[in-house]
Amino acid sequence: MTLNPLQVSPAISQFQAGQWVPGELRLICVARWQETPDVVSFRFKAAQPLSFHFKPGQFLALQLEIAGEEYRRCYTISSSPSRPNSLMLTIKRVEGGKISNYLIDNLKPGHSLMASGPYGQFNLIDIPAERYLFLSAGCGITPMFSMSRFLTDSYLDSDIAFIHSARSEQDLIFRDSLRAMNSRHDNFKLGYLLEQGGETASVSGELAECPMLPGRLSLAALEQLVPDYLQRTVYVCGPEAYMAATEQMLAQADFDMTRFHKESFAENTSAPAGDGSANYRLSVAGLELSINGDQTLLEALESEGLPIIAACRSGVCGSCKCRVVSGEVESSSQQTLSQDEIDSGMVLACSSRVKSDIQLETGPF
């Protein structure tokens, strides 16, 4: 949908609000502010009174229209469900980023857009822990901020170590809010790694009480900032290269990798190659369709206008899961499916191509 200006209700009572049910909803932007020179946060309320309940760390998919084309993009919810009357997204301007840059340039208070969600298994509820270590870089800080806010709001004795990597002090997202968490909660320990200026910032400035080290994340820096890191459960989010390097570093340090968890919207970029010369029969919703061997199930369903939610389109979020009743498919991702779902024939439509005639169920499940 396009960005539409709507009249924002002056007051929405949380006591009259319904609870957010997974699916589509219209969000109204009520505020925006600059976090850093290239990062903007947006606060939303629902078009109808709604209390936003989700798992800290989850994301939603925005739907909008640009120059006549429809787009969907996933963004982590940076607010916390412990403060359920509004929803916050934090978006970074990136070179060539069509959707992110469009939102930063055009989305203003009073505008509305459609969203779906919440999605994602990278969250505090599905990944429980006794002691937390949050490692982030760049805009990968957004799920960690949501998790930290939730824990410091709701579980005051939570043991949290939070290490964020950034280019410089001016690139620190949520710096004031994190500084407040650090000063108010004895069990919340915040540290920074800065590629530029870390040595200076470590001894002076507003954030002098938060350790700031120069350079990128390394085992030596981690041991200095979080000496007991081996006893914690690790959550990692950031650029793919950062997460891969962090995973390799911890594995080499004999960290228990069953307690290593990372977020990624780019785990699977394409479904397995299909046989473009083959055509099969797809039976779904009482219809008989033809599907080419090169098409994913998602492409085939969307080409016929059949309803299916597809948020990440890369085998990560699990929003497009469907069930194969009969027939054979090949999938490149099962990341968000439980073993019971896999055994029952559930697949991710964006990551699956057919190998035979197939009968499909699209839910809801």
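This is a short walk through one structure, from its sheet and its cores to its aromatic pairs and salt bridges. Before I begin, please keep in mind that what you see is a predicted model.

Let me start with the sheet. Six strands, written here as 6 strands to match the count, form an open sheet in the order β13-β12-β11-β10-β14-β15, and the pairing throughout is parallel. At the edges we find β13, covering 212–214, and β15, covering 260–262, each of which pairs on one side only. If you follow the sheet from one strand to the next, the twist averages 20 degrees. Inside that order, β11 and β12 pair in the parallel sense over 7 bridges, and if you look for Ala166 you will see that Leu194 in β12 stands opposite to Ala166.

Now let me add a helix to this picture. Helix α2 lies across β10, β11, β12 and β14, and the direction of α2 is at about 150 degrees to that of β10.

That brings me to the largest nonpolar core, which has 29 residues, and in which Leu124, Phe134, Met144, Phe162, Leu178, Tyr192 and Tyr235 touch the most other members. Several elements each supply at least two residues of this core, namely β10 (131–137), α2 (141–154), β11 (159–166), α3 (175–184), β12 (188–194) and β14 (233–237). Which element gives the largest share of this core? That is α2, from which 6 residues come. As a general remark, nonpolar side chains in soluble globular proteins tend to be buried together.

To see one member of the core in its surroundings, consider Met144, and set aside its neighbours within four places in sequence: Met144 is then in contact with Phe122, Phe134, Leu135, Ser136, Phe162, Tyr235, Val236 and Cys237. There is also a second, separate core of 27 residues, which includes Trp20, Leu25, Phe44 and Phe54.

Next, the aromatic rings. A search of the whole structure finds 10 aromatic pairs. One of them is formed by Phe162 and Phe188, and this pair is edge-to-face, with 6.3 Å from centre to centre and 65 degrees between the planes. Because Phe162 lies in strand β11 and Phe188 in strand β12, the pair ties together parts that are 26 residues apart in sequence. Are these two residues, Phe162 and Phe188, buried or exposed? Both Phe162 and Phe188 are buried. If we widen the view, ring pairs link Phe122, Tyr132, Phe134, Phe162, Phe188 and Tyr235 into a cluster.

Staying in this part of the chain, I would like to point out His185, which is found in the loop between α3 and β12. With a relative accessible area of 19%, His185 counts as buried, because the cut-off for that word is under 20%. Not counting residues up to four places away in sequence, His185 touches Thr152 and Leu156.

Let me turn to helix α1, residues 98–106, whose buried residues are Ile99, Ser100, Asn101, Leu103 and Ile104. These buried residues of α1 pack against a series of strands: β3 (23–36), β4 (39–46), β6 (59–66), β7 (69–76), β8 (87–92) and β9 (111–119).

The last topic is charge. Side chains of opposite charge can pair when their charged atoms come close. In this model, a search of the whole structure finds 19 salt bridges. In one of them the side chains of Asp105 and Arg93 meet, at 2.6 Å from N to O, and the pair links distant parts of the chain, with Asp105 in helix α1 and Arg93 in the loop between β8 and α1, 12 residues apart. Asp105 is partly exposed at 42% relative accessibility, and Arg93 is partly exposed as well, with a relative accessible area of 33%.

A further salt bridge joins Arg281 and Glu288, where the closest N and O atoms are 3.2 Å apart; here Arg281 is partly exposed, with a relative accessible area of 44%, whereas Glu288 is exposed, with 53%.

Finally, Glu361 forms a salt bridge with Arg323, the closest N and O atoms being 3.5 Å apart. Since Glu361 lies in strand β22 (residues 358–361) and Arg323 in strand β18 (residues 321–326), this pair ties together parts that are 38 residues apart in sequence. I will end with a network: salt bridges that share partners join Asp38, Lys92, Arg167 and Asp171.

How values were computed. Residues are numbered from 1 along each chain as its sequence is written. This is a predicted model: local features need pLDDT of at least 70, side-chain atom pairs count only at pLDDT 80 or more; totals for chains, interfaces and linings use all residues. Side-chain values use heavy atoms; hydrogens and water are left out. A nonpolar core is a set of buried Ala, Val, Leu, Ile, Met, Phe, Trp, Tyr and Cys residues joined through side-chain atoms within 4.5 Å. Buried means under 20% relative accessible area, exposed over 50%, partly exposed in between (1.4 Å probe, protein chains only). Helices (H or I, at least four residues) and strands (E, at least two) are DSSP runs, numbered from the N terminus. Contact means heavy atoms within 4.5 Å. Two strands pair if DSSP finds at least two bridges between them. Axes are lines fitted to C-alpha atoms, for helices over the stretch in contact, and angles run from 0 to 180 degrees between N-to-C directions. Rings of Phe, Tyr and Trp (its six-membered ring) pair if their centres lie within 6.5 Å; planes under 30 degrees apart count as stacked, over 60 as edge-to-face and the rest as tilted. A salt bridge is a side-chain nitrogen of Lys or Arg within 4 Å of a carboxyl oxygen of Asp or Glu.
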